[in-house]
Each structure stands twice: as C-alpha cells, then as structure tokens.
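Work through the exercises below with the model open beside you. Try each task before reading its solution.

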Amino acid sequence: MSKSSGGDRWLNELGYKLGQTLGEGSYSKVRVATSAKYKGPLAIKVVDRRRAPPDFVHKFLPRELSILRAIRHPNIVRVFEFIEVCNGKLYIVMEAASTDLLQLVQQLGKLPCIPEARDIFLQVVSAVRYLHDRNLVHRDLKCENVLLTADGRRAKLTDFGFGRESRGYPDLSTTYCGSAAYASPEVLLGIPYDPKKYDVWSLGVVLYVMVTGCMPFDDSHIHSMPRRQKKGVFYPEGLPPLPEPCKSLIAQLLQFSPASRPGVGQVAKNSWLKGGTLNKEPSSK
Ligand SMILES: Nc1ncnc2c1ncn2[C@@H]1O[C@H](COP(=O)(O)OP(=O)(O)O)[C@@H](O)[C@H]1O
Ligand SMILES: [Mg+2]
C-alpha cells in the first residue's frame, strides 16, 4: 500500500517513481527513484522543512542548496534537479550510487590498503581539494558521506548539510558540527577553528577507518577524546602491517595542531597516494 503524501503525488505527476529508502537523517530521507527523463537509477533526498528546526531551514539547508548548485566534479554526487512543493517538502534529484563507504567497510571488515583504499581515498581528496580551491568546506566528512558506484571503485562525496563558504585561516568557524568520531580536537574543544583543517583531520579518520576497519578514537567518552587525540593514533594489535607511507600520511592528517596539518593541496601531492597513477608510467632506468 502506498502512503504517498501530497508532495509525493506531485512527484509522480512529474514522472518520478519513488522506491525503497536508502538512508535516513534527522530531517530527510533518501530514496531510490526512477524517471522517464533521466537514464539510470536516481536517488531523491526528500527534505521535510516542517519537521526541521529553524536553524536547519534558514541556515544550513540554504547553504547546502547553494553549494550543490555551484559545484560539479566527477567525485562529487551529481544533482540534476531541485523540486520544491508548497507543503514544505523539497526533493533533491541526484544520481544514485550503489552503496556508501561505511557499508563497504562493514561488509569487508576493512579494505586492502593498495589499491582499493588508496584509490578511493585519492578520489575523496580530489573532491575536497576541488571544494577548498573554491573556498568551500564540507565539515561532515565521514565514510557514510562517501558514496560508491556499483563496481565499488568510483567515489562520490555527498551531504553538504554542514558545508559553507570559508577561506580557511584566519577565517574561522564557530559552528561545532559533524560527528564526534570524525571531529578534530579543536572542534571537540569548542575553539574557533579553521574549517579547512577540520576537513583534513576528518580525511585522516576516513583513511584510518578504511585500512583498519576500526575508528581511531573511540567516541563513547567525548570529553576525553582530545586528550587521546593528543597522544597520537594507535593501531589495533594483530592487524597485518600497513605500508609505512600510509601510516605516515595518517599521522600527518591527524596532527593535533591544525597549523601542523597539511593543506589538502599538499595531501594530493603525497607520493604514496599518487603512487597508483605514477606506477603506470614507464620507468626510465
Ligand atoms: N545518491 C545516493 N545514492 C545512494 N545512496 C545515497 C545517495 N545519497 C544518500 N545516500 C544514502 O543515504 C544516506 C544519507 O544521505 P545524506 O545525504 O548523507 O543525508 P543526511 O543529511 O541525512 O546524512 C547516505 O549515508 C547514503 O547511505
Ligand atoms: Mg550524511
């Protein structure tokens, strides 16, 4: 039995058919969809403004929409259309991915460092570099927000719900957002922060999660996280050894002091990360 609301009926009239739910947030639901207009599977993020608090409706949602309208990159989810209906519902029509990075890691336990984790991470870095070059920041980088295509190889960053414009240092942010497990010490401590360096920290957490299948910092006691983050990252015992350059990259990204963390442009130049592409070139002996 379909329980389509007024808004969903409008969507049907426009030729869209909504299917199963792919993911759910506090004020939105992402559902599979099809349409005569676009080839291939679609995903529609249904946002219900009536269920959301004023901060979300007047601050975060308008930022998310204006960022989505402004960007286009092969590693960022492609949005085709925004549909507004008068009952407060908003539909964001986008390309559908087949899974997200969290689901993939949970399915496989962890990813082989080379090539899978490195390939996916390089693509996420490329998306974040694109954003930072345009003075946009994501502020909610985490495995759930990295979508993957059916072959599991193409990564697409999504969820710009905490995105904003920022030039980075000395243009500081004071909205302490994102998920604790991916949050940098300065964000957890409530210190005005450089959001670009916050993204770099979260990238470090994403890489660690991919190659170990574990979280680097347990977030069940948030107040003690900064102290543990200061000691540096540990690896679970019994884990097969990781390549030193990979561990060294994680350590750089997870530097306690934001000023010591590299910018994403520098990260993109990391020789281990670029190894996959460089190795394809013939060696000149
Ligand atoms: N285009 C898409 N294709 C496939 N799954 C998606 C897509 N967009 C979102 N999802 C799934 O829905 C979840 C929630 O979407 P997201 O945009 O992150 O919303 P929220 O703001 O509620 O976190 C994602 O973590 C992912 O599992
Ligand atoms: Mg999300």
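**Exercise 1.** Why does ligand 1 lie between domain 1 and domain 2?

*Solution.* Keep in mind that this is a predicted model. Start with the domain bounds: domain 1 covers 17-95 and domain 2 covers 99-274. Next, check the shell around ligand 1. Both domains give residues to it, so the ligand lies between them.

**Exercise 2.** Describe the surroundings of ligand 1.

*Solution.* First, find the site: ligand 1 sits in the largest pocket. Second, list the elements that give two or more residues to the shell. They are strands S1 (16-24), S2 (28-35), S3 (42-48) and S5 (89-95). Third, sort the shell by class: eight residues are nonpolar, five are polar and five are charged. Last, pick out the nearest of the 18 residues: Glu95, Ala97, Asp100, Glu144 and Asp159.

**Exercise 3.** Which side chains have an N or O atom 3.0 Å from an oxygen atom of ligand 1?

*Solution.* Take lysine 45: its side chain has such an atom at 3.0 Å. Asparagine 145 also has one at 3.0 Å. For aspartate 159, the distance to a ligand oxygen is 2.9 Å. Now turn to area. Alone, ligand 1 exposes 540 Å², and the protein buries 87% of that.

**Exercise 4.** Locate two cis peptide bonds and a positive phi.

*Solution.* Go to isoleucine 114. Its bond to proline 115 is cis, with omega near 0 degrees. Proline 115 belongs to helix H4 (residues 113-133). Move on to tyrosine 169, whose bond to proline 170 is cis, with omega near 5 degrees. Proline 170 is in the loop between strand S10 (164-165) and helix H5 (185-188). Finally, asparagine 135 has a positive phi, near 60 degrees. Asparagine 135 lies in the loop between H4 and strand S7 (136-137).

Technical notes: Residues numbered from 1 in each chain as written. Chains lettered and ligands numbered in written order. Predicted model: local features only at pLDDT ≥ 70, side-chain atom pairs only at ≥ 80, totals over all residues. Heavy atoms only, no water. Near = heavy atom within 4 Å. Polar contact = N/O pair within 3.5 Å; in protein donor to acceptor, adjacent residues only side chain to side chain. Areas by Shrake-Rupley, 256 points an atom, 1.4 Å probe, with all protein chains shown as cover. 1 Å grid on protein atoms, 1.4 Å probe; cavity = no way out; pocket = protein on both sides within 12 Å on 5 of 7 lines; lining within 4 Å. Sits in = over half its atoms within 2 Å of the grid points. Helix = DSSP H or I, 4+ residues; strand = E, 2+ residues; numbered from the N terminus. Nonpolar A, V, L, I, M, F, W, Y, C, P; charged D, E, K, R; others polar. Domains from an automatic or database assignment.
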